[in-house]
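Could you walk me through this structure, strand by strand and hollow by hollow? I would like to follow along with the sequence and the model open beside me.

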Amino acid sequence: MTDRQDGQQIETEAKAVEGGMTPVDVWLTHIEKAKEDEKEWRDQAERAIEIYEAGDPGTNTQGSGGKSAFNIYHSNIETMVPAAYNSTPIPDIRRRFDEPDPVSQIVANVIDRALSYSVDQYEFDTTMRDVVRAALTAGRGIPRVRYKPQMRQVMSPDGTPVEVPGYQEVTCEMVPWDRFIRGPGRTWDDIPWIAFEHDLTRDELDKLAGEDTSKTIPLADTDRKGSREDKAKPDAGAFKTTKVYEVWDKRREMVLFIRDQQRTEPLRVEQDPLELPGFFPVPRSLQPIWRMSSLTPVCPYEVYRTLIEELDTVTKRITKLVKQLRAKGLYNSAMKADFVKLQNADDGIYEPVEDASQFAAGGGGLEKQIFNWPIETIAAVVERLYQHREAIKQTIYEVTGLADIVRGSSQASETATAQQIKAQYAGLRIQHFQREVGRVARDLFRMKAAIICKHFTTENLQIMTGIQITPEVEEILRSDALRSYRIDIETDSTIRGDVGRKLEQMSQFIQGTASFAQAIGGIVQSAPPLLPMFTEVYASFARQFDLGKQAEDALDQMTQQVQQFMQMQQQQQQQPNPQVEKAKMDAEAKQAEMGMRREVHQMDMQAKQFEIQSKQQLAMIDLESKQRGAELDAQKAVLGAQVAQQKAQAGMMNGGPRQ
């Protein structure tokens, strides 16, 4: 690293301090060397942004100098930004493993709701689009997470006022491409430090370093937007500022605020303020082009700069030649009066020529007395230039990958299958960059989740999510290791074009579910113990589709419920259930009671039948008795008549009837 005092590289920071450099001066040396290492890229990026913004780059980069006549660079960027990011990512928080774990499920729900609320509270999409645009124009896009607690004073148990967090929020912002500085390293994990460049006003210095320190710092008319000292910017503002570097030292896990003009001690030092797992408040930078052996970005404009310059040159030539496409020419001055009459004549009017025979008798006739501007030749050149410009544009599209997007555009007359094939082909060249954009969104969500779990109070988490935070849940939330072991934080796609493919997958999933249920329905009815096996097979089949977190949770619940149901069935078969036994005894008692009732009823019916039969027999006996009595009376009457007759005969035999 270059020594700011003698221009030599320093061996170690300790030896540099021993040699008379202050720790602040050592950090300024780091920063100056880092800027020097990326100076070429910074110059290229500034020139590319000037062209993108339709400005004058100040150098002869457009063939003939000046502003671009055909700003295809701006058009390409505006096409690529929505192709890379056009849909707000949704947090996808779930348990890392499928085993039943109710506590981890609650933790996942808390993080999911907290992140969803956090994303909705500010323009997250604007930040992401700015990061993507910076990456495509300058070559590097950097988002940063910000933790913003609103402190309030409360009284401690001993009666002293203390500050505690009130409302808490965590947001993201884009870091300007020329305000981010990194330490040396060939991979992102090797970077020992990063720095952010700020231009602070007096009020901002008061908050940072305190009024006592702030009042000793002189301010100047510096720029609050750009970092190029050699070029005045119009957006500096009315307040004077001073340049301050915010250095995040990963090795010491501390943040230092230092000034270029104050090399004795830092303005402020903080010890790991966010407690993030990776320490830095930024994810790995978003770069569309990576070097093989360096983290220094590649400006995308430089990849096809010569083609853009050629396109601009051709466009400027076309513009100049089009101005020459006018109907004009020369004529014999002797024909002036006749030309004036002809120019003012209406349609269908023929004017007489004063001396036509004189011109007709000349060499070549009357037509030779007029010379027309060679418009046909110029038009042919312009046509060739237009064709050449289209060829240059096509070459640029092929180089940048935009040709795939152009091929992906469909026509109304095409079939749905043809449109689908084009849509899939259109993303082949830019899929890598789309995945990188999704990776940045995921890393931001993970950092936001770490800040929420580490710094948000339990009360705020409960109010924000509506979930009761138990000690077991809080233990996992507060521990980076436990949270990482048991919770996985992802995002869904940031590309709206994936929605169509998801809908198609949903349709295939529903059709497959119907076919699967129809195939196993008869088997499960005949062999219920096979239900858990088929449930696991179905869950494995369903997880091949991107159904989202809710569907995944539903599958887990379905599997658990089936397992619990089968266990209950087995337990019921192995051990008598008191309720079942009671119901069984009640059923048996009712059955016995019904049997007794049936027997009593049968006995009653038999008694009634016996009584009826007895009455019938008595009636028959009585009838027989009456019949026999009548017979006896008849026999008695006969006998009485016979006795009377015998008595009469006896009286007659004894002397006649007695008086």
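In this predicted model, strands β5 and β6 run antiparallel and are joined by eight bridges. To find one point along that pairing, look for Asp199, which sits opposite Lys243 in β6. β5 also has a partner in strand β4, residues 180-182, and these two strands pair in the antiparallel sense over three bridges. There, Arg182 has Ile194 of β5 as its bridge partner.

How many residues of β5 are buried? The count is eight of its eight residues, so the strand is mostly covered, with buried meaning under 20% relative accessible area. If you follow the side chains along β5, Trp193, Ala195, Glu197 and Asp199 point one way. Ile194, Phe196, His198 and Leu200 point the other way, and the residues of both sets are all buried. Notice that acidic Glu197 and Asp199 are among these buried residues.

His198 is a good place to turn to the largest pocket, as it is one of the lining residues nearest the pocket's centre, together with Arg144, Arg146, Glu246 and Phe257. The pocket has a volume of about 1,200 Å³, and its lining is made up of 31 residues. Several elements give two or more residues to this lining: β2 (142-155), β3, β5 (193-200), α7 (202-209), β6 (242-249), β7 (254-259) and β8 (268-271). Which of them gives the most? It is β2, with six residues. Sorted by type, the lining of the largest pocket holds 15 nonpolar residues, one polar residue and 15 charged residues.

Two of those lining strands, β6 and β7, are linked by a loop, and Glu253 is found in it. Its backbone is worth a look: phi of Glu253 is near 55°, a positive value in a residue other than glycine. Most residues other than glycine have a negative phi. Glu253 has a relative accessibility of 39%, so it counts as partly exposed. Another glutamate can be read alongside it. Glu275 lies in the loop between β8 and α9 (300-303), and Glu275 also is not a glycine yet has a positive phi, of about 55°. With a relative accessible area of 36%, Glu275 is partly exposed.

From the open pocket, let us move to enclosed space. The model has one cavity of 30 Å³ or more, and about 70 Å³ of space lies in the largest cavity. Which elements give two or more residues to its lining? They are α5 (102-120) and β3 (161-175), and β3 supplies the largest share, five residues. If you want to pick out the lining in your viewer, select Ala114, Tyr117, Ser118, Gln121, Tyr122, Tyr167, Gln168, Glu169, Val170, Thr171, Phe456 and Met464. By type, these residues divide into seven nonpolar, four polar and one charged.

Strand β1, residues 91-95, gives another view of a covered strand. Four of its five residues are buried, so β1 is largely enclosed by the rest of the structure. The partner of β1 is far along the chain: β1 and strand β11, residues 487-491, pair in the antiparallel sense over five bridges. Within this pairing, Pro91 stands opposite Thr491 in β11.

Phe371 shows how residues separated in sequence can come together in space. Phe371 lies in strand β10, residues 370-372. Gly329 is 42 residues away from Phe371 in sequence, yet their C-alpha atoms are 5.2 Å apart. Setting aside neighbours within four places in sequence, Phe371 is in contact with Lys328, Gly329 and Leu330. Is Phe371 buried or partly exposed? Its relative accessible area is 46%, so Phe371 is partly exposed.

Finally, step back to the whole chain. It contains 23 helices and 11 strands. Of its 659 residues, 36% count as buried. Among contacts between residues at least 6 apart in sequence, 69% join residues at least 24 apart. The chain exposes about 39,700 Å², and carbon and sulfur atoms supply 53% of that area.

Notes
Residues are numbered from 1 along each chain as its sequence is written. This is a predicted model: local features need pLDDT of at least 70, side-chain atom pairs count only at pLDDT 80 or more; totals for chains, interfaces and linings use all residues. Side-chain values use heavy atoms; hydrogens and water are left out. On a 1 Å grid over the protein atoms alone, a cavity is a set of points where a 1.4 Å probe fits but cannot get out, and a pocket is an open set with protein on both sides within 12 Å along at least five of seven lines; lining residues have an atom within 4 Å of a point. Grid points are joined across faces, edges and corners, and a volume is the space filled by probe spheres set on the points. Ala, Val, Leu, Ile, Met, Phe, Trp, Tyr, Cys and Pro count as nonpolar, Asp, Glu, Lys and Arg as charged, and the others, Gly among them, as polar. Buried means under 20% relative accessible area, exposed over 50%, partly exposed in between (1.4 Å probe, protein chains only). Contact means heavy atoms within 4.5 Å. Accessible areas come from the Shrake-Rupley method with a 1.4 Å probe; for residues, only the protein chains shown count as cover. Two strands pair if DSSP finds at least two bridges between them.
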